[in-house]
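Let's take a walk through this model together, starting from one side chain and working outward to the cysteines and the charged pairs. Keep the structure open as you read.

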Amino acid sequence: MNICFLFGEINSDIKFEFLLNQKKHISIASCFVLSQNEIIKICAYDELADILYSKYEKGCLLLIEGNITNDYVEVNRIYEY
């Protein structure tokens, strides 16, 4: 099992897209987070994508739980901070 917790500041604009012709996911939101002097890409799908895009913006602090993939951290849960 691959779980990580990440606390950091959103370092870029949040990009929101709809995924066409996909059976598993409908939408995706992605951005970069600055955590301990490292820039990490995060991606959230479906309801979490809506929450990330509508409630947060560049400069906000985030505490997330996610899974590490090859290119990014997939968000499983966003904690209120």
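Contact here means heavy atoms within 4.5 Å. With that in mind, and remembering that this is a predicted model, let's begin at Glu65, which lies in strand β5 (residues 61-68). Setting aside neighbours within four places in sequence, Glu65 is in contact with Ile3, Cys4, Phe5, Glu74, Val75, Asn76, Arg77 and Tyr79. Glu65 is buried, yet has no salt bridge. Which side chain of opposite charge is nearest to Glu65? That is Arg77, 5.1 Å away; a salt bridge needs the nitrogen within 4 Å of the carboxyl oxygen, so this pair does not count as one.

Two of the contacts of Glu65, Ile3 and Phe5, lead us to the surface. Together with Met1, Ile3 and Phe5 form a nonpolar patch there, with about 440 Å² of accessible area together. Phe5 belongs to strand β1 (residues 4-10), and its relative accessibility is 56%, which is why Phe5 counts as exposed.

Next, turn to Ile28 in strand β3 (residues 27-35). Is Ile28 buried or exposed? Ile28 counts as buried, because its relative accessibility is 15%. Beyond neighbours within four places in sequence, Ile28 is in contact with Lys15, Phe16, Glu17, Leu19, Cys43, Ala44, Tyr45 and Ala49. The C-alpha atoms of Ile28 and Glu47 are separated by 9.1 Å, with their positions 19 residues apart along the chain.

Among the contacts of Ile28 is Cys43, which brings us to the cysteines. How many disulfides does a search of the whole structure find? The search finds 0. For Cys43, the nearest cysteine sulfur is that of Cys31, 8.2 Å away; for Cys60, the nearest is also that of Cys31, at 10.0 Å. Cys43 is buried, with a relative accessible area of 3%, whereas Cys60 counts as partly exposed at 22% relative accessibility.

Finally, the charged pairs: the whole structure holds 2 salt bridges. One joins Glu17 and Lys15 (3.6 Å, N to O), and both residues appear in the contact list of Ile28. Glu17 is partly exposed at 36% relative accessible area, and Lys15 is partly exposed at 49%. The side chains of Lys55 and Glu80 also meet in a salt bridge (3.0 Å, N to O). This pair links distant parts of the chain, 25 residues apart: Lys55 sits in helix α1 (residues 46-55), and Glu80 in the segment after β6 (73-79). Glu80 is exposed, with a relative accessible area of 61%.

Note on methods:
Residues numbered from 1 in each chain as written. Predicted model: local features only at pLDDT ≥ 70, side-chain atom pairs only at ≥ 80, totals over all residues. Heavy atoms only, no water. Patch = residues over 30% accessible without salt bridge, like charges linked within 9 Å, V, L, I, M, F, W, Y side chains within 5 Å. Areas by Shrake-Rupley, 256 points an atom, 1.4 Å probe, with all protein chains shown as cover. Helix = DSSP H or I, 4+ residues; strand = E, 2+ residues; numbered from the N terminus. Buried < 20%, exposed > 50% of the residue type's maximum accessible area, 1.4 Å probe, protein only. Lys, Arg positive; Asp, Glu negative; His and termini not counted. Disulfide = S-S within 2.5 Å.
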